[in-house]
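Subject: Structure handover

Hi,

Here is the structure I promised to pass on to you. Please open it alongside this email, and I will go through what turned up.

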Amino acid sequence: MRDTRESRLLLVLLVAIAFALITVDIRGGERSPLDGARHAAASVFGPVEEGVASAVDPVGNAVAAVRDSGERHTRISELERENTALKQRLGSDDRNRGRVRDLDAMLKTAGAGQYGIKGAQVIAIGAAQGFSWTVTIDCGAHDGIKRDMTVLNGDGLVGRVTTVGPSTATVLLASDPKFTVGTRMEKTGEIGFANGQGDRSLRVELLNGKAAVREGDRLVTFGSSKDKPFVPGVPVGEVTRVEPAGGGLTRTLQVRPFVGFSKLDVVGVVVQPPRTDPRDTVLPPKPEAPKPAPTVTVTVTPSASAKPRD
């Protein structure tokens, strides 16, 4: 339609009629004369609206999904990050709690033996030189560490320092086949020498071939001249097997070391030896043997009213 005077006049007339109908409908309320026309229009256009809605709603839902997917993805990513951080924090807390326990046990061992120690952490495990059983610790010459110092932890003897750098040191573990330490038996005081056997138990040769030894007996370090490389009294291990004597001059024992060499973390280097030999005092108390259950005795007393049978 062209924009003419007649078209503009018709538009104004239609707008006026529309306002008049709206006014009549509002004033009429529920009895509006236009109510019938409204229902008729709904009957005609209702199915069309439903069809359009059924076609448009999936598209609208998809658009909403695309719009919200970014928010959900962002939230999921945030939750994943929070979960990862929580796991790391929990893992770190568990590790820290383990280190606190290790440090506490080591301090108790050092206190019992009156050892002056320098705490250190194992930062590498492996062959620093050759194929030896060694670990590297994070303290060295700058911390007062010297060659041939005893290394221990809360469980007992770890090894001895063999190489010292400015800020690190290499420790030869007691499990190394080249490792040898003088030992003393608990209570009896029998002297011997312990050698490492890799991932197996320690092998101990007692100087007295007739020494009375049994499984469960424990050993500590005998000590060295001027306390190097070993201070006395450090727990070594527990006898697991006594080899047959065979009339030899020595007695061979298999000893399970107290220290778990595959899970070392916090250790202590003895920088000050004890004033006196602690002997067996550093060993932890032995657990009490389980008491046998009392035997219940039942006594049957015949009743006085019982009559003998014929």
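Let me start with Gln114, which sits in the loop between helix 2 (35-113) and strand 1 (116-125). Please keep in mind throughout that this is a predicted model. The phi angle of Gln114 is near 60 degrees, a positive value in a residue that is not glycine. Gln114 has a relative accessible area of 58%, so the residue counts as exposed.

Arg279 also has a positive phi without being a glycine, with a value near 55 degrees. You will find Arg279 in the segment after strand 12. With a relative accessible area of 40%, Arg279 is partly exposed.

One more backbone point for your list is a cis peptide bond, running from Lys228 to Pro229, with omega near 5 degrees. Pro229 belongs to the loop between strand 9 and strand 10.

Next, the aromatic rings. How many aromatic pairs does the count come to? The count gives 1 aromatic pair. The partners are Phe179 and Phe230, arranged edge-to-face, with 5.4 Å centre to centre and 70 degrees between the planes. An angle over 60 degrees counts as edge-to-face, which is why this pair gets that label. Phe179 is in the loop between strand 5 (169-173) and strand 6 (180-185), while Phe230 is in the loop between strand 9 (218-221) and strand 10 (235-242), so the pair ties together parts that are 51 residues apart in sequence. Both partners are covered: Phe179 is buried at 1% relative accessibility, and Phe230 is buried at 4%.

Now to the charged side chains, where the count comes to 8 salt bridges. I will describe three pairs, among them Arg99 with Asp265, whose closest N and O atoms are 3.0 Å apart. This pair links distant parts of the chain, as Arg99 is in helix 2 and Asp265 is in the loop between strand 11 (251-257) and strand 12, 166 residues apart. Asp265 has a relative accessibility of 14%, so this residue counts as buried.

Another salt bridge joins Asp277 to Arg184, with 3.4 Å between the closest N and O atoms. Asp277 lies in the segment after strand 12 and Arg184 in strand 6, so this pair ties together parts that are 93 residues apart in sequence. As for accessibility, Asp277 is partly exposed at 31%, whereas Arg184 is buried at 11%.

The remaining pair I want to mention is Arg203 with Glu205, where the closest N and O atoms are 2.8 Å apart. Is each partner buried or exposed, or in between? Arg203 is partly exposed, with 34% relative accessibility, and Glu205 is buried, with 18%.

Two residues are worth a look for their contacts with other parts of the chain. The first one I would open is Leu283, in the segment after strand 12 (266-272). Its relative accessibility is 8%, so Leu283 counts as buried. Which residues does Leu283 touch, once neighbours within four places in sequence are left aside? Leu283 is in contact with Glu186, Arg218, Leu219, Val220, Pro235 and Phe258. If you would like a backbone distance to go with that, the C-alpha atoms of Leu283 and Gly237 are separated by 9.7 Å, and these two residues are 46 residues apart along the chain.

The other is Asp155, in the loop between strand 3 (150-152) and strand 4 (157-164). Asp155 is partly exposed, with a relative accessible area of 44%. Leaving aside neighbours within four places in sequence, Asp155 is in contact with Pro235, Phe258 and Val259. Pro235 is 80 residues away from Asp155 along the chain, yet their C-alpha atoms are separated by 7.3 Å. Pro235 and Phe258 appear among the contacts of Leu283 and also among those of Asp155, so you may like to display these residues together.

Last, the surface. Ile191, Phe193, Leu207 and Phe222 form a nonpolar patch there, and their accessible area together is about 340 Å². Phe193 is part of strand 7 (residues 191-195). Its relative accessible area is 39%, and Phe193 is therefore partly exposed.

Happy browsing, and all the best!

Key. Residues are numbered from 1 along each chain as its sequence is written. Side-chain values use heavy atoms; hydrogens and water are left out. Helices (H or I, at least four residues) and strands (E, at least two) are DSSP runs, numbered from the N terminus. Buried means under 20% relative accessible area, exposed over 50%, partly exposed in between (1.4 Å probe, protein chains only). Contact means heavy atoms within 4.5 Å. Patches are made of residues with over 30% relative accessible area and no salt bridge: like charges are joined within 9 Å, nonpolar side chains (Val, Leu, Ile, Met, Phe, Trp, Tyr) within 5 Å. Accessible areas come from the Shrake-Rupley method with a 1.4 Å probe; for residues, only the protein chains shown count as cover. A salt bridge is a side-chain nitrogen of Lys or Arg within 4 Å of a carboxyl oxygen of Asp or Glu. Rings of Phe, Tyr and Trp (its six-membered ring) pair if their centres lie within 6.5 Å; planes under 30 degrees apart count as stacked, over 60 as edge-to-face and the rest as tilted.
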